Amino acid sequence: MAASASYVLIASGSQERGRSLSRALEGLRVEGHVIDDVEKLLYVTRAPVSPAVEGVPAGVPEAVILEHALAARVPEGLDLVHILRNRQHLAHAPLVYLGPLDAETEAKVVGSGADAYVTLPTQPAVVRAYVEQLLTRRRAERDLREALDRARRFEQALKESERMK
């Protein structure tokens with residue numbers, strides 16, 4: 001994905017808080033795009049090539065920030081973190097959850113697959129630090145996976161050429 005197309009999906013309870021988080025991400029080579037509606041979030045994340053929707057570009061986000069104020073709007077029994085984490089194209093995207101100081105909620109969210117749980121209230125700079133570290137780690141993991149794939153293909157080509165001798 002080109003650097004200009006890289007984005008972080010910010011699922012917030014309000015556009016204002018989402019925009020504040022988006023501004024905090026400036027300088028990370030990603031743009032923040034805010035969604036403040038559960039149905040829109042589920043629509044945008046349903047497939048790896050979902051079409052662009054107002055305010056959100058097409059493609060897969062590099063990370064997801066999910067605010068408790070939005071996650072709490074889903075019907076009882078649905079786990080939004082679990083739903084997002086189980087979408088294959090989001091399986092490796094860092095997921096940062098912003099939630100209340102509540103051990104039960106934190107344990108549930110982390111157990112469902114969130115990479116980080118940030119207790120609210122917090123400063124946007126704290127969220128930026130988490131996102132920055134998770135993106136750095138995930139980008140390194142992706143680069144390593146790609147290098148290993150190239151090495152495997154090279155090894156297979158070498159074996160094939162030796163068989164042809």
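1. Quick term check before anything else: helices here are DSSP runs of H or I with at least four residues, strands are E runs of at least two, and both are numbered from the N terminus. With that in hand, His89 is easy to place: it sits in the loop between helix 4 (80–85) and strand 4 (95–99). Bear in mind that this is a predicted model.

2. Staying with His89, what does its side chain meet? A polar atom of that side chain lies 2.8 Å from the backbone oxygen of Thr45. Once neighbours within four places in sequence are set aside, the contacts of His89 are Thr45, Arg46, Ala47, Pro48 and Val60. Thr45 therefore turns up in both lists, since a pair 2.8 Å apart falls inside the 4.5 Å contact cut-off.

3. Now the overall layout. The chain has 6 helices and 5 strands, and reading along the sequence gives β-α-β-α-β-α-α-β-α-β-α. Along the principal axes, the C-alpha trace spans about 65 × 35 × 30 Å.

4. On packing: 40% of the 165 residues count as buried. Take the contacts with a separation of 6 or more, and 61% of them join residues 24 or more positions apart. The chain exposes about 9600 Å², with carbon and sulfur atoms supplying 54% of that area.

5. Two backbone spots to look at. The Leu120 to Pro121 peptide bond is cis, with omega near 0°. Pro121 belongs to the loop between strand 5 (116–119) and helix 6 (124–164).

6. The other spot is Arg29, whose phi is near 65°, a positive value in a residue other than glycine. Where does Arg29 lie? In the loop between helix 1 (15–24) and strand 2 (31–35). Is Arg29 buried or exposed? Exposed, because its relative accessibility is 59% and the cut-off for that class is over 50%.

7. Last, the second largest pocket, if you want something to put a grid on. It holds about 310 Å³ of space. Its lining has 17 residues, and those nearest the centre are His68, Ala71, Leu78, Tyr97 and Lys108. Helix 3 (68–71), helix 4 and helix 5 (103–111) are the elements that give two or more residues to this lining. Helix 5 supplies the largest share, 4 residues.

8. As for the chemistry of that same pocket, the lining of the second largest pocket splits into 9 nonpolar, 3 polar and 5 charged residues.

Technical notes: Residues are numbered from 1 along each chain as its sequence is written. This is a predicted model: local features need pLDDT of at least 70, side-chain atom pairs count only at pLDDT 80 or more; totals for chains, interfaces and linings use all residues. Side-chain values use heavy atoms; hydrogens and water are left out. Buried means under 20% relative accessible area, exposed over 50%, partly exposed in between (1.4 Å probe, protein chains only). A polar contact is a pair of N or O atoms within 3.5 Å; within protein, one must be able to donate a hydrogen and the other to accept it, and residues adjacent in sequence count only if both atoms are side-chain atoms. On a 1 Å grid over the protein atoms alone, a cavity is a set of points where a 1.4 Å probe fits but cannot get out, and a pocket is an open set with protein on both sides within 12 Å along at least five of seven lines; lining residues have an atom within 4 Å of a point. Grid points are joined across faces, edges and corners, and a volume is the space filled by probe spheres set on the points. Ala, Val, Leu, Ile, Met, Phe, Trp, Tyr, Cys and Pro count as nonpolar, Asp, Glu, Lys and Arg as charged, and the others, Gly among them, as polar. Accessible areas come from the Shrake-Rupley method with a 1.4 Å probe; for residues, only the protein chains shown count as cover.
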